[in-house]
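Grab a coffee and work through a few short exercises on the fold shown below. Try each task before you read its solution.

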Amino acid sequence: MNKKIETPLTIDKVKDLNVGDIVLLSGEIFTARDAAHKRLIELIDKNEKLPLELQDAIIYYVGPTPPKPGEVIGSAGPTTSYRMDSYTPKLLDLGLKGMIGKGLRGKEVIDSMIKNRCIYFGAIGGAAALMAKCIKKSELIAYEDLGAEAIRKLWVEDMPLVVVIDSNGNNLYQIGQKEYLETIK
């Protein structure tokens, strides 16, 4: 059964999401990859204002391609998430509640997710055109010089995601591997 949720991603919504849940996400999310994350952390370290509000927000690790005529955005598949790991705990401490990407996360990020009651969603790798169809509007909000890695505000509708790591630290990558290994014994 799919769970439909809308942003903002509040603690009440986070606590009801469990590892393995299939989610159809709608609402406002942000994009950012490692270059933008580095700049955000530099602003935080200088106590300067961020170009986005992190409280109850979701960041999608994506560098979309330019849109074709008549499209809102180009292909928008997830980026490998561990590239943001060194920056993530500070953002979670400031209220970020969700991340969308692909691949494993480090122990420090998972510990911070548990502490801050956050979710890590997996997006469909290799289905960038499908993911783009869920994006109804895109607005550049910071770091235009970064091109595809600029921060954008997206409005999404029924974006298909899977809870890969829930706010209790349950990790689908570990659970799935364990279950698989048990079946081949």
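## Exercise 1: a buried asparagine

Asn 171 is buried, its relative accessible area being 6%. Keep in mind that this is a predicted model.

**Task.** Work out where Asn 171 sits in the chain and what its side chain reaches.

**Solution.**
- Step 1: place the residue. Asn 171 lies in the loop that links strand 7 (151-165) to helix 6 (172-183).
- Step 2: check the burial call. The cut-off for buried is under 20% relative accessible area, and Asn 171 comes in at 6%, so it counts as buried.
- Step 3: follow the side chain. It gets to the backbone nitrogen of Tyr 173 at 2.9 Å.
- Step 4: list the company. Ignoring neighbours within four places in sequence, Asn 171 is in contact with Val 19, Ile 110, Val 164 and Ile 165.

## Exercise 2: walking across the strands

**Task.** Start at strand 3 (residues 58-60) and find which strand it pairs with, and in what sense. Then carry on to strand 5 and strand 7.

**Solution.**
- Step 1: strand 3 pairs with strand 4 in the parallel sense, over 3 bridges. As a marker, Ile 58 stands opposite Gly 98 in strand 4.
- Step 2: strand 3, helix 3 (residues 88-93) and strand 4 form a β-α-β unit, and that unit is right-handed.
- Step 3: strand 4 (residues 98-101) runs parallel to strand 5, with 4 bridges joining the two. From strand 4 the chain passes through helix 4 (residues 107-116) to reach strand 5, again as a right-handed β-α-β crossover.
- Step 4: pin down this pairing. Ile 100 has Phe 121 in strand 5 as its bridge partner, while Gly 101 stands opposite Gly 122.
- Step 5: now the direction changes to antiparallel, since that is how strand 5 and strand 7 pair, over 3 bridges. Here Phe 121 has Val 163 in strand 7 as its bridge partner.

## Exercise 3: which faces are covered?

**Task.** For strand 4 and strand 5, sort the residues by the side they point to, and say whether they are buried or exposed.

**Solution.**
- Step 1: on strand 4, Gly 98 and Ile 100 point one way, with Met 99 and Gly 101 pointing the other way; all are buried.
- Step 2: on strand 5 (residues 119-122), Ile 119 and Phe 121 take one side, Tyr 120 and Gly 122 the other, and all are buried.
- Step 3: put it together for strand 5: both of its faces are covered.

## Exercise 4: an arginine tucked away

**Task.** Find the polar partners of the Arg 105 side chain.

**Solution.**
- Step 1: Arg 105 is in the loop between strand 4 and helix 4.
- Step 2: its relative accessible area is 7%, so Arg 105 is buried.
- Step 3: its side chain makes a polar contact of 3.3 Å with that of Tyr 61, and another of 3.1 Å with that of Thr 88.
- Step 4: beyond neighbours within four places in sequence, the contacts of Arg 105 include Ser 81, Asp 85, Met 99, Tyr 120 and Ile 165.

## Exercise 5: cysteines

**Task.** How many disulfides does the structure hold? Are Cys 118 and Cys 134 buried or exposed?

**Solution.**
- Step 1: the disulfide count is 0.
- Step 2: Cys 118 has a relative accessible area of 0%, so it is buried.
- Step 3: Cys 134 is at 8% relative accessibility, and therefore also counts as buried.

Note on methods
Residues are numbered from 1 along each chain as its sequence is written. This is a predicted model: local features need pLDDT of at least 70, side-chain atom pairs count only at pLDDT 80 or more; totals for chains, interfaces and linings use all residues. Side-chain values use heavy atoms; hydrogens and water are left out. Buried means under 20% relative accessible area, exposed over 50%, partly exposed in between (1.4 Å probe, protein chains only). A polar contact is a pair of N or O atoms within 3.5 Å; within protein, one must be able to donate a hydrogen and the other to accept it, and residues adjacent in sequence count only if both atoms are side-chain atoms. Contact means heavy atoms within 4.5 Å. Two strands pair if DSSP finds at least two bridges between them. A crossover is right-handed if, with the strands pointing away from the viewer, the path from the first strand over the helix to the second runs clockwise. A disulfide is a pair of cysteine sulfur atoms within 2.5 Å.
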